[in-house]
Amino acid sequence: MAAVTRGSFTVFRQLLTHHYRRRCFRPQSFRPDRTLQPLSFRYETDLKMFSSRSLHSSAVSQRPIVSFKLSDIGEGIMEVTVKEWYVKEGDKVSQFDSICEVQSDKASVTITSRYDGVIKKLHYEVDGTALVGKPLVDIETESSSEVLQEEDVVETPAMARDEHTHQEIKGLKTQATPAVRRLAIENNIKLSEVVGTGKDCRILKEDILNFLAKQTGAIIPPTLFQEIQPPPPLAAARPVSTPAALKAPPTTPKPVFTGKDVTEPLKGYHRAMVKTMTAALKIPHFGYCDELDLSRLVSLRAELRPIAEGRGVKLSYMPFFIKAASLSLLHFPILNSSLDEGCQNITYKASHNIGLAMDTVNGLLVPNVKNVQLLSVFDVAQELNRLQALGTAGQLGTNELSGGTFTLSNIGSIGGTYAKPVILPPEVAIGALGKVQVLPRFDAGGQVVRAHIMNVSWSADHRIIDGATMCRFSNLWKKYLENPASMVLDLK
């Protein structure tokens, strides 16, 4: 009797195991043998219970969905505008793939994925306002460990994350790709000082850039920027061989008359302009104007232009203007300084981060060329080409737009001769360059000759800069440009 009981239990166990496996995937295909029908009928309740458990187990085994939250992008920014989505629901993404482009009141930033998976939901429409720390997209990830990592990284307050380093996290090894390590080495950055925001605390390229953005005067080679965030193919730098390649024909949108008043909130760069110009009103400006004869510089540029184009770089007058300003700032460092809010201390900046007011599709932006005092005229031209390409593509980031110490505005490229430029706090001086005109002038012998004349308009903070200092600086800058060969003596 015991043997029969054991035999029946063995058959029942095999039946349940077979039924459990088949029921999870193809319940309709289960067909028990006739000799086992009494057992199947007798234990129908138990089978239903196992079937319910199997379905529950199947649901749990599905890939987890993680809400990818918008992390802190620095500069105290709490909200951004979604300008463009690079993915849609159902798309498969990998780590470092671009998800969307967002725009704050200071810069445009491309958000990249931290996970491998499938996009399940986009939380915002284009031009929608996304909040820092709130879900941006939902991603169906490939492992549940990524969900835990998201909770550890994103839900941590931004300030708490900045206050910790990898050295303080015991037992963790710094993780980064070779490209990220090369970027850190070339900029003398210890990876242990950078907080990684990738999977398993992996340090991403954007983490290095955010770290550099907080350090005034950090140098990042242009090639690395192109590798990190390349502009669209149409805006990519390429050897210039034809006039069409030098300048695309301007496109003027047709005006649309609606006959109705339209009210819209200030956002993005317009909001930043309101904030900056409101702060600039506190600065007592004084102006100084002069004119330059650039005839020699026009000739020199004509000689060097083919050489620069052979290297794939467009050579304009701006690299000469910027380099001459840097050489002059060495003699008048107070023009490359900043004044604290309490007007008690002056900080003399070691780096000449000279900004260039640029008219872009997003409005007026002022990216800057870092450490001009260490660059040649060709280096400045190469960096300007990169900044202009990023500006055209609307991809100027925080690093390009922050840390400026002195600014030049090339308003003459659009039109006009004189201007009244407004200082960009916390800087203390700015220059506006008029257009170059061919005008009659007297030479040393009293003969009327053709001259290439440009007007310049300076504005300075009269709290710390007097008129004589501004005048002497302008005279030295003018001397370098009217006799560009003299710059060779002071180049390093």
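**Exercise 1.** Work out whether Asp290 is buried or exposed, and find which residue forms a salt bridge with Asp290.

*Solution.* Start with accessibility: Asp290 has a relative accessible area of 18%. The cut-offs are under 20% for buried, over 50% for exposed and partly exposed in between, using a 1.4 Å probe and protein chains only. So Asp290 is buried.

Before going on, a word on the model: it's predicted, so local features need pLDDT of at least 70 and side-chain atom pairs count only at pLDDT 80 or more, while totals for chains, interfaces and linings use all residues. Residues are numbered from 1 along each chain as its sequence is written, and side-chain values use heavy atoms, with hydrogens and water left out.

Next, the partner. A salt bridge here is a side-chain nitrogen of Lys or Arg within 4 Å of a carboxyl oxygen of Asp or Glu. Lys478 fits the bill with Asp290, the closest N and O atoms being 3.6 Å apart. Lys478 sits in helix 15 and Asp290 in strand 9 (residues 285-293), so this pair ties together parts that are 188 residues apart in sequence. Helices (H or I, at least four residues) and strands (E, at least two) are DSSP runs numbered from the N terminus.

**Exercise 2.** Check the span of helix 15 (residues 467-482), then sort out its buried and exposed residues.

*Solution.* The expected span is 1.5 Å times one less than the number of residues. For the 16 residues of helix 15 that gives 22 Å, and the end C-alpha atoms are 22 Å apart, which agrees.

Now the faces. Buried in helix 15 are Thr469, Met470, Phe473, Ser474, Leu476, Trp477, Tyr480 and Leu481. They cover an arc of only 160° around the axis (taken from the directions from the helix axis to the C-beta atoms), which puts them on the same side of helix 15. Turned away from that buried side is the face with exposed Arg472 and Lys479.

**Exercise 3.** Compare the accessibility of the two partners in the Asp461 and Arg463 salt bridge.

*Solution.* First the distance: the closest N and O atoms of Asp461 and Arg463 are 2.8 Å apart. Then accessibility: Asp461 is buried, at 1% relative accessible area, whereas Arg463, at 39%, counts as partly exposed.

**Exercise 4.** Find how Arg305 and Glu309 are placed in helix 11 (residues 295-310).

*Solution.* The two form a salt bridge, with their closest N and O atoms 3.3 Å apart. Being four residues apart in helix 11, Arg305 and Glu309 are separated by about one helical turn.
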